[in-house]
Amino acid sequence: MRDLDHSHKFSDIHSRLSVGPKISYLRDWIYGGIDGAVTTFAIVAGVVGAELTAGVVVVLGIANLLADGFSMAASNYSGTKAEIDDYKRMLEVEKRHIRQHPEGEREEVRQIFANKGYSGEELDEIVTLITTHEDMWLETMMTEEYGLSNVQRSPVKAALATFWAFLLCGAVPLLPYFLGLPAGALIAAVMTGIVFLIIGAVKSLWSTWSWWVSALETFAIGMSAAGLAYLVGAGLRGLVGMA
């Protein structure tokens, strides 16, 4: 697990907090990396199951890397941007409510913190403190009422993280075919399995799980998808042969 300890000197605290919270794009990288390796190796496994040529593997694999990688990046961009637009929409709603119905909004703050266990003068002080400053008031309502954070992720960075992870990890199953290695399917399977293990192990740095449990979980997910693709390819080959 990643070490989250840091200095508590005044100057270090000021420097750290002045730049604001650090935004992570780990989710986007893992999402793109796993999907890239899974879908590309699934194509390899499906083609092998159908007993097609190595050239078909390369053509379909490259097409998947570019088309599916771009599609995932574009979808992630749109999804992330939609989250930002939704936050802005709800923020304008809360601004209007605070200005048109301030007493009702104060009561919402009161009930929110009363449900957290505050009461009496302590509760009165909290409500007064929060509702005296509009920015704090808005942030409190966005977080407590709607579960929305004011820390916004960049749609472009999220999309790029997904796209490059997809390309990098997705290219691995194709390497044996590009290099013309014998037993390409077996080598591709081993290399892809290693990619899944590495992604899982790296993911554990941001998790409470041990690295080997995270690695094995990712490995099992990825190889299950590839195995399913192989069975589909083999089944389709059988149907075509019967036709």
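In this predicted model, leucine 174 reaches residues far from its own stretch of sequence. Beyond neighbours within four places, leucine 174 is in contact with Thr40, Val44, Val57, Gly61, Ile62 and Leu65. Several of these partners recur in the nonpolar core described next.

The largest nonpolar core has 17 residues. Leu174 is among those with the most contacts inside this core, together with Phe41, Val44, Val57, Leu65, Tyr177 and Ala188. At least two core residues come from each of α2 (26-49), α3 and α7 (155-170). Helix α3 supplies the largest share, 5 residues. A second core is separate and holds 15 residues. Phe113, Leu123, Ile130 and Met141 are included in this second core.

Nonpolar side chains also appear at the surface. Ile62, Leu66, Leu175, Phe178, Leu179 and Leu181 form a nonpolar patch there. Together they contribute about 560 Å² of accessible area. Two elements, α3 (54-100) and α8 (175-178), give two or more residues each to the patch. Ile62 thus has two roles: a patch member and a contact of leucine 174. Phenylalanine 178 belongs to helix α8. Its relative accessibility is 48%, so phenylalanine 178 counts as partly exposed; the class runs from 20% to 50%. In soluble globular proteins, nonpolar side chains tend to be buried together.

An annotation from UniProt bears on these segments. The unreviewed entry assigns "transmembrane region" to residues 41-67, 158-179, 185-206 and 218-240. Two of these spans were examined for geometry. Residues 41-67 are 85% helix and 0% strand, with end C-alpha atoms 15 Å apart. Residues 185-206 are 86% helix and 0% strand, and here the end C-alpha atoms lie 33 Å apart.

Threonine 39 offers a further view of the packing around α2. This residue lies in helix α2. Threonine 39 counts as buried because its relative accessibility is 18%, and the cut-off for buried is under 20%. Apart from residues up to four places away in sequence, threonine 39 touches Asn64, Asp68 and Phe166. The pairing with asparagine 64 spans 25 residues in sequence. In space, the C-alpha atoms of threonine 39 and asparagine 64 are 7.6 Å apart.

How values were computed:
Residues are numbered from 1 along each chain as its sequence is written. This is a predicted model: local features need pLDDT of at least 70, side-chain atom pairs count only at pLDDT 80 or more; totals for chains, interfaces and linings use all residues. Side-chain values use heavy atoms; hydrogens and water are left out. UniProt positions are given in the numbering used here, feature names are shortened, and annotations may be inferred rather than shown by experiment. Helices (H or I, at least four residues) and strands (E, at least two) are DSSP runs, numbered from the N terminus. Patches are made of residues with over 30% relative accessible area and no salt bridge: like charges are joined within 9 Å, nonpolar side chains (Val, Leu, Ile, Met, Phe, Trp, Tyr) within 5 Å. Accessible areas come from the Shrake-Rupley method with a 1.4 Å probe; for residues, only the protein chains shown count as cover. A salt bridge is a side-chain nitrogen of Lys or Arg within 4 Å of a carboxyl oxygen of Asp or Glu. Buried means under 20% relative accessible area, exposed over 50%, partly exposed in between (1.4 Å probe, protein chains only). A nonpolar core is a set of buried Ala, Val, Leu, Ile, Met, Phe, Trp, Tyr and Cys residues joined through side-chain atoms within 4.5 Å. Contact means heavy atoms within 4.5 Å.
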